[in-house]
Amino acid sequence: MNKLTADEIIEMLGLGPMEVEGGMMRSTYRTRDMVGEKNMGSAIYFLLSGRAYSHMHRLPTDEVYHFYLGDPVEMLQLAPDGTGKRVLLGHDLAAGQVPQYVMPAGCWQGSRLADGGDYALMGTTMSPGFAPSDYEHGDADTLKREYPGFAGMIEKLTGETINR
């Protein structure tokens with residue numbers, strides 16, 4: 001099987017830019033059932049390629065990441081208690097990569113391709129479903145001050161929005 005290119009995946013799946021966060025995405029599912037004014041659940045495709053990254057942000061509900069194909073993705077999780085950790089999404093379980101990861105509600109998060117990576121296709125699901133008002137964009141200076149041990153990674157996950 002030939003490896004697809006990021007451009008081919010974008011075309012095949014009809015992905016478009018995530019204007020604020022970065023990367024490419026397409027909403028694939030929203031429940032008809034509602035909880036308050038939100039869908040009970042939602043799902044998206046999410047692709048990082050080239051220099052694109054997911055800008056540091058936080059959400060009020062858990063977000064489940066699903067790794068589908070491509071190169072490993074380095075994710076940063078910064079918890080409200082001041083701790084943080086790096087998670088590597090991918091298929092190489094023996095190397096400590098995980099194909100699925102739950103980002104807890106209220107944690108700051110951002111992700112990028114691991115060094116040398118070309119692209120990664122992932123998906124995320126949320127319950128209740130994502131609403132644009134849920135997204136809180138992270139400020140680099142504030143995050144580096146609150147999580148000084150992760151300043152280098154925060155620097156890589158903040159700045160201009162890059163989609164591909």
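**Salt bridges in the predicted model**

Q: What relative accessibility does E155 have?
A: This is a predicted model in which local features need pLDDT of at least 70, side-chain atom pairs count only at pLDDT 80 or more, and totals for chains, interfaces and linings use all residues. Residues are numbered from 1 along each chain as its sequence is written, and side-chain values use heavy atoms, with hydrogens and water left out. Buried means under 20% relative accessible area, exposed over 50% and partly exposed in between (1.4 Å probe, protein chains only). E155 counts as partly exposed, at a relative accessibility of 44%.

Q: Which residue forms a salt bridge with E155?
A: A salt bridge is a side-chain nitrogen of Lys or Arg within 4 Å of a carboxyl oxygen of Asp or Glu. For E155, the closest N and O atoms of the pair are 2.4 Å apart, and the partner is K144.

Q: How many residues apart in sequence are the parts that E155 and K144 tie together?
A: Helices (H or I, at least four residues) and strands (E, at least two) are DSSP runs, numbered from the N terminus. E155 lies in helix α3 (residues 151-156) and K144 in helix α2 (residues 140-146), so the parts tied together are separated in sequence by 11 residues.

Q: Which residues are joined into one network by salt bridges that share partners?
A: One salt bridge pairs R86 with E74, with closest N and O atoms 2.4 Å apart. E74 is buried, at 12% relative accessibility. Shared partners join the salt bridges into one network of E74, R86, R112 and D115.
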